[in-house]
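Trainee: Could we walk through this one together, from the single chain up to the pair?

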2 protein chains.
Amino acid sequence: MSTLSIAKKYVELVSAHQNHVALETLFSPDVVSVEAGTPPGGSSPESRGIKAVAAKGKQWMENHEVHSAKVDGPWPHGDRFVVRFSYDVTNKPSGKRFQMEEAGLFTVANDKIVREEFFYPTEG
Amino acid sequence: MSTLSIAKKYVELVSAHQNHVALETLFSPDVVSVEAGTPPGGSSPESRGIKAVAAKGKQWMENHEVHSAKVDGPWPHGDRFVVRFSYDVTNKPSGKRFQMEEAGLFTVANDKIVREEFFYPTEG
């Protein structure tokens, strides 16, 4: 599969809220996922391996009520592609509702996503 | 300056169609600019040095009538940031009007943009 095919499949699945299917079918078992900043309560911006990435996603979903989530793109360049995410969510612990945008940069090797990096403003 | 400050300045200048000012003030003289594909009539997707990058921009402007150009973002991650471009242009040689979107990935070092990479679908 070309980078663009994988990228389109990714956008299709995530748009349909099938993130777990995207993870199981499009990602390498050894994927590395890197946040722009270290998450609250976390020790590193980096998660290694598909289990750690799935756990990070599950924890985020448990802590947020998602009112809407939109994915734009993909925009490819060689073995990488970019997408844009727009969220409207309520953080359950704080009860705060907020909108946020971020960009994702994905790297493909041997027909699997081997690296994902998320771009958004952080404090500190 | 932080990556985010440079990124915001970039978006501000490009939104005001001050691309040449952005190039002169925010970019390294040794900047490398990489397209997703080799441009028509070009020999490489890569331009090296601020003069080559300025010439590429000038050529593009001479060949397109810009009806609207929008820049979204920036979204930072460490020493890099992403923006999204949306264009509505007419290619002057062909007379064809088209809309296109792309993402830009910029890398900052020593307070200057040292690398820009453009993400969009290419044929072949």
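**From chain to pair**

Mentor: With 124 residues, a compact globule would come out near 14 Å in radius of gyration (over C-alpha atoms; the rule is 2.2 Å times the number of residues to the power 0.38), and chain A agrees at 14 Å. Mind that this is a predicted model, where local features need pLDDT of at least 70, side-chain atom pairs count only at pLDDT 80 or more, and totals for chains, interfaces and linings use all residues. Residues are numbered from 1 along each chain as its sequence is written, while chains are lettered from A and ligands numbered from 1 in the order in which they are written.

Trainee: In what order do the elements of chain A run?

Mentor: Chain A has three helices and six strands, taken as DSSP runs (H or I, at least four residues; E, at least two) numbered from the N terminus. From the N terminus on, the order is α-α-β-β-α-β-β-β-β.

Trainee: What rotation superposes chain A on chain B?

Mentor: The fit is by least squares on C-alpha atoms of residues with pLDDT of at least 70 in both copies. The shift along the axis is 0.0 Å and the RMSD 0.0 Å, with a rotation of 180°. The copies are thus related as by a two-fold rotation axis.

Trainee: Which element gives the largest share of the side of chain A that touches chain B?

Mentor: In contact (C-beta atoms, placed from the backbone, within 7 Å) are 17 residues of chain A with 17 of chain B. Elements giving two or more residues to chain A's side include β3 (64-77) and β4 (80-91). The largest share, four residues, comes from β5(A).

Methods
Two residues are in contact if their C-beta atoms, placed from the backbone, lie within 7 Å.
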